[in-house]
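Colleague: Could you take me through this model, please? I should like to begin with the overall fold.

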Amino acid sequence: MKYLLSIIGSLALLSCSDQNPTPEHQESPVAILATENFDLALFTPHGKFETGYNTLTVHVKDKNGNFIDLPDVEVSTLMHMQHMQHGGPASPLRRKELGIYEGHLIFQMPSNEQEHWELIFNGIHRIVIDVLPTKQVRTQSFLGSDGLRYVLAMQDIEKPKVGSNVLSAYLYRMQDARTFLPLEGYTIRLDPRMPGMGNHSSPNNRDLTSKGEGYYEGLVNLTMTGYWKLNLILEKDTRIKGEEEDSSIYFEIEF
Ligand SMILES: [Cu+2]
């Protein structure tokens, strides 16, 4: 199954790069949700939903295929697991132009044959989606030393390069199974290392700092190609989660 997924994944990547030189531009929707009065077409940059951070673009059209605005467009997620249900972080959807809305979704885990994710628009229009696993770790869901539950998700570095790269992430707190609040004013300390090469670090990294609405940004200096473990420590006055050199919360980059 995993093998099959990876084949499908590579085919999707191939066809994407064949048709679209810019990965931001995706012609065919990941999913379409038809309601009685309008249709929603859902797009992501890579043409699939993946564990971790996903940019979501929603096209709203009337039944004649014309773009229309809706008075409200709001999205939430729900995962149906074997013994429980829970949601994931979802940003507000912002109007970009007529009938086009953009936001982001974070999935803490992939779906599988028994457990699936559902997107819910305006609390009533539901669609089941596939959330694929990623090769590298790009999201963390954890209990902090303060007893609160956190979700931290990296935004993909689209084309990692040797040298300094902007590293960005979103931080949320899980208030209850369905409610996630973006968090401001924390610091995400960054210590990138190459475990395959004596766990060496790199100079001139910049910790991720709060830029508002749960968004954090810093710099990661990838001094060579290969596998990097980005060790993280979440702090606000005191340490909430993470350890030096080989942290229990981390992202991965391989390039
Ligand atoms: Cu789950």
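Modeller: The secondary structure of the protein chain consists of one helix and 21 strands. Please keep in mind that this is a predicted model.

Colleague: What share of the 255 residues counts as buried?

Modeller: In the protein chain, 45% of the residues count as buried. The area that the chain exposes is about 13200 Å², and carbon and sulfur atoms supply 51% of that area.

Colleague: And what share of the contacts between residues at least 6 apart in sequence joins residues at least 24 apart?

Modeller: That share is 56% in the protein chain.

Colleague: Let us turn to the metal. Which protein donors does the copper ion have?

Modeller: The donors are the SD atoms of Met79, Met81 and Met109, together with NE2 of His86. They lie 2.1 to 2.3 Å from the copper ion. Along the chain, their spacing is M-x1-M-x4-H-x22-M.

Colleague: What is the geometry of that site?

Modeller: The site is tetrahedral, with angles of 95 to 130° among the four donor atoms. For four tetrahedral donors, the ideal angle is 109.5 degrees.

Colleague: Are Met79 and His86 buried or exposed?

Modeller: Both Met79 and His86 are buried.

Colleague: A different residue now. Where does Gln155 lie?

Modeller: Gln155 belongs to strand β13, which covers residues 149–155.

Colleague: Why does Gln155 count as buried?

Modeller: Gln155 counts as buried because its relative accessible area is 18%, and the cut-off is under 20%.

Colleague: Which side chain does the Gln155 side chain make a polar contact with?

Modeller: Its partner is the side chain of Tyr53, at 3.0 Å. Beyond its neighbours within four places in sequence, Gln155 is in contact with residues including Ser168, Ala169, Tyr170 and Tyr215.

Note on methods
Residues are numbered from 1 along each chain as its sequence is written. This is a predicted model: local features need pLDDT of at least 70, side-chain atom pairs count only at pLDDT 80 or more; totals for chains, interfaces and linings use all residues. Side-chain values use heavy atoms; hydrogens and water are left out. Helices (H or I, at least four residues) and strands (E, at least two) are DSSP runs, numbered from the N terminus. Buried means under 20% relative accessible area, exposed over 50%, partly exposed in between (1.4 Å probe, protein chains only). Contact means heavy atoms within 4.5 Å. Accessible areas come from the Shrake-Rupley method with a 1.4 Å probe; for residues, only the protein chains shown count as cover. A polar contact is a pair of N or O atoms within 3.5 Å; within protein, one must be able to donate a hydrogen and the other to accept it, and residues adjacent in sequence count only if both atoms are side-chain atoms. Donors are N, O and S atoms within 2.8 Å of the metal (3.2 Å for Na, K and Ca); water is not among the atoms, so sites may look incomplete. Four donors count as tetrahedral if all angles lie between 85 and 135 degrees; four count as square planar and six as octahedral if opposite donors are over 155 degrees apart and all others between 65 and 115; anything else is irregular.
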